[in-house]
Amino acid sequence: MKQHLYIEMDNCIGCRSCLAACTQCGGHDNRNRNYVYEVNPLVTRQTIPLMCLHCVNPACARSCPAQAIQITDGGAVLSALVEKCIGCQNCTIACPYGIPKFDEEQNLMYKCDLCYDRTKEGIPPMCASVCPTNTLQWLDEEEVAAKNARHQLGKWTASHQPFEPLEGETNVKINLPGILQGIQKLF
Amino acid sequence: MQKDKFYKTIANKKHPNEEIIPTHCSYCGMQCGMNLRVNKSTNTIIGVEPRYDWPVTLGKMCPKGVTAYQQTNHDDRLLKPLIRDDASLKGTKEGFREASWDEAYTLIVQRFQELQSLYGNDSLSVFSGVSMTNEKCYLTGKFARVALQTRYIDYNGRFCMSSAAAGFLRSFGVDRGSTLPWTDLHETDCLFIAGSNTAECHPTSMFRIWEVQNRGGYLIVADPRETPIARRADVHLDLKPGTDLALANCMVNLLIQNGYTDAEFIADHTNGLEEMKEIVKEFTVEYTSEITGVAPEKLIRAAEIYGRAPNAIVMFARGIEQQHKGADNVSAYTNMCLVSGKIGRPKSGVATFTGQGNGQGGREHGQKSDLLPGYRKLTNPKHVEEVCQVWGIHPDEMPQPGVSAYEMFELMDQKTIRGLYLLCSNPAVSAPNLNFVRAALKNLDFMVCADIYLSESAEFADVVLPSVTWAEDEGTVTNLEGRIIKINKAQEPVGESKPDWMIELELAERLGRGQYFRHLKSARDISDEFRLASKGGYADYYGATWEKIEKQNGVFWPCRDEQDPGTPHMFLDHKFYHPDGKAKLCALPYRPPAEEPCEQYPLRLTTGRVVYHYLSGNQTRRIPFLKDMCPEPYVEVHPETAAEYNIQHDEVVRLYTRRGEAFYKVKIIEAIRRDTLFVPYHFGHKESINLLTIPALDPISRMPEFKVCAAQIEKQPGRGNIQ
């Protein structure tokens, strides 16, 4: 069954374990490919992760003049192919979330590949494996549907439904802050 | 077993030419399960892979855990013993030369024997730590008392868990850090968490804690700062540092006033109700609000939620324990469980977040100045006799109780203690009042330090011995649940480094005490002797064999024999460990912090951890990722306070107390009280906040009051925003 990276922003504590773990994936050359932002650092300790959302029709790949960015059957948008990437950095400009990173020395774009090395074998990506707070989860479609049913919070529920707050349909599903809204207290 | 709602069966990634060694993290009391990736050609650790099937943490790790493997083959590892001949260089990194183990041992034995012949056996001391296995902790106690024959041994748990230990002993007659397994946490209905920055200090508890709220349960957090966990709390009790005892007494008072008590439980299973009621009745909402600075409606709401919750767990950590009334705070918060009867059943109870990896096991087996293995007491002749039988010495040879960690430095200052064997600890950063402590270390006639790196404390040593990382040895550790778990060896020691137990055995032999140690040849041998030494004590490990630990995913003590599966939940029979089987409701009059703000020092200084560092930072400051994320300390200031002092974000200020000063960059954040400053304590030399902290000791636990003292900020004209 297809599995998705699922993000619950509310849970994030800013530990950046996802960044540390990213380096541990086989294909990642010890470099992390994700981000954690402080939302309003002079006011609160709230942080949120910014991961590649693996768009179904990704701007990075569309903008690539060399067809260097491939998309797997599972929907993972991969790093640029070494032999094809011409180092133009179109993708870094095209991506609405600022995900692709650029290695000046190698003249090569690299980005989150959803731990293709792991997920191709059905093993969760490193970030979702280690996340101590379940901000990042690796869920099958049934579990994602259950999350969506639980968090009916209007347009901020998850990407592509019912509105389109994000670039377009994404394979990563996100849940913006508000997961506790509407939860019936036990007593 | 123990497969809860979070458990998923997941295979591990297999990399070519690698094997994975299941073990646990080297750092905090969570002891998260992890797999170390080992390259089969080079036999070296090269990475980490989640341990999805560890029931407590399910593969989850904080950034320290993810990068922990980088400690072992780190460039800073000590590969050979170091000797420094020029004592005038003490307190610096300078003057060390590499030496053979033989030369180092010969020098240590010569100098130790010289000091003991001139000044008596008690002129030597051992200062140890609990980021090491039960086997090492046990052997260190035996090494001090049998090989060195000194009374002066104590350990860094005095800066960590001693208040929790003392408080639980008084309330229950037993000190197991948690009365229930962590897999209960997410199933409770209310968590009342006091003085724990859980998200940063024990991050892998967080998925269970958030789940309580996801289920509709409540989270109450008491902390002077709006920490990442307090941010999402249903009630945040934003109290002044050092006022927990008033808050806890008020909670108990409100539970009694509003009828949230369990009269039958109190009558059948506790003592001391009337006396306690007399004390807590003073703590009205108004009076408590005045002391703590917490709004009255928050106090009322918190007590109501805890009182109404069908099941609830009270949890706390160093925030309440590192005070000169830390033991009282522990007993006072524990009173909440006892009056409401919310203890002694699944999903209800009390727990402390153990700070160090083996903070639990390490305090039970004889490293404490007054304790012997199995939590036996040095002052109890029967206990002494039982341990003497295992050790093969006569009770007359057993040294008397010594003094606590900080008091050892006072004795070094007075020249009562002249020699020190320091291992697995870095008090030149972690002790309070560091100007005094560092001078005391310098004042020693001879000091040995065993460590994996040249720590700030090693800079005071005459001889530095290279010990091994946790991944180069094996043994057991007792995690924050009270679960005994197994640490496995993933590679051979680098260079000439040796496990602490081996160093102690070899030194014992050369000190002429080999007859008591010679039969121990491996960590396993030590484990078997130590299980025997704990047998019959209330921290009884006798039945916790390595095989059982492996088979059951850990064994909760007490575990008294081969058939005993261990004790995940304490007090299910409502029998406590005091002689009459009852728990004690403690009557605890309020005392303010040792140092209250005044005109000269109008602010309250508190200290703590950040998620990227562990303890003194001797390990984590060397890991590139962690250092990048948090390279230096800072002082957190509320924007209104910053405006009062006319200081800006990132500006460097002088922070000072009656004991010392340091210079820190200002981090402005609204998520802290206006009257409170916070500085993380993981940094050495001039950056140590412990230069400023107060050595006011708890009368029972001898815990210093790290968590509050009076301080002042001074703007540095011209210094401004330096990088």
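Start by selecting B:Lys136, B:Leu139, B:Thr140, B:Phe143, B:Val146 and B:Ala147 in helix 3 of chain B; these meet B:Asp500, B:Trp501, B:Glu504, B:Leu505, B:Leu507, B:Ala508, B:Leu511 and B:Arg513 in helix 18 of chain B. Colour them by character and you will find nine nonpolar, one polar and four charged residues in this contact. As you look around, please remember that this is a predicted model.

**The helix pair**

Now show both helices in full: helix 3 covers residues 134–147 of chain B, and helix 18 covers residues 500–513 of chain B. Two packed helices are described by the angle between their axes and the distance between the axes. Here the angle is about 15 degrees, and the axes lie 10 Å apart. Angles under 35 degrees count as roughly parallel, so helix 3 and helix 18 of chain B are roughly parallel to each other. Turn the view until one helix lies in front of the other: helix 3 of chain B passes helix 18 of chain B in a left-handed crossing.

**The loop after helix 3**

Next, select B:Gln149, which sits in the loop between helix 3 and strand 7 (152–155) of chain B. Most residues other than glycine have a negative phi. B:Gln149 has a positive phi, near 55 degrees, and is not a glycine. Is B:Gln149 buried, exposed or partly exposed? Its relative accessibility is 26%, so B:Gln149 counts as partly exposed.

**A stop in chain A**

Move to chain A and select A:Arg16, in the loop between strand 1 (3–8) and helix 1 (17–22) of chain A. A:Arg16 also has a positive phi, of about 60 degrees, without being a glycine. With a relative accessibility of 13%, A:Arg16 counts as buried.

**Helix 13 of chain B**

Back in chain B, select residues 326–340, which form helix 13. How far apart should the ends of helix 13 of chain B be? At 1.5 Å a residue, its 15 residues should span 21 Å, and the end C-alpha atoms are 22 Å apart, which agrees. Switch on a surface to see how covered this helix is: 15 of its 15 residues are buried. Step just past helix 13 of chain B to B:Gly341, where phi is positive, at about 70 degrees.

**Last stop: a cis bond**

Finally, zoom in on B:Trp557 and B:Pro558. Most peptide bonds are trans. The bond from B:Trp557 to B:Pro558 is cis, with omega near -5 degrees. You will find B:Pro558 in the loop between strand 21 (555–556) and strand 22 (583–584) of chain B.

Conventions. Residues numbered from 1 in each chain as written. Chains lettered and ligands numbered in written order. Predicted model: local features only at pLDDT ≥ 70, side-chain atom pairs only at ≥ 80, totals over all residues. Heavy atoms only, no water. Axes fitted to C-alpha atoms, helices over the stretch in contact; angles between N-to-C directions. Helix = DSSP H or I, 4+ residues; strand = E, 2+ residues; numbered from the N terminus. Parallel < 35°, antiparallel > 145°, perpendicular 65-115°, else oblique. Left-handed = near helix turned anticlockwise from the far one by under 90°. Contact = heavy atoms within 4.5 Å. Nonpolar A, V, L, I, M, F, W, Y, C, P; charged D, E, K, R; others polar. Expected span 1.5 Å × (residues − 1). Buried < 20%, exposed > 50% of the residue type's maximum accessible area, 1.4 Å probe, protein only.
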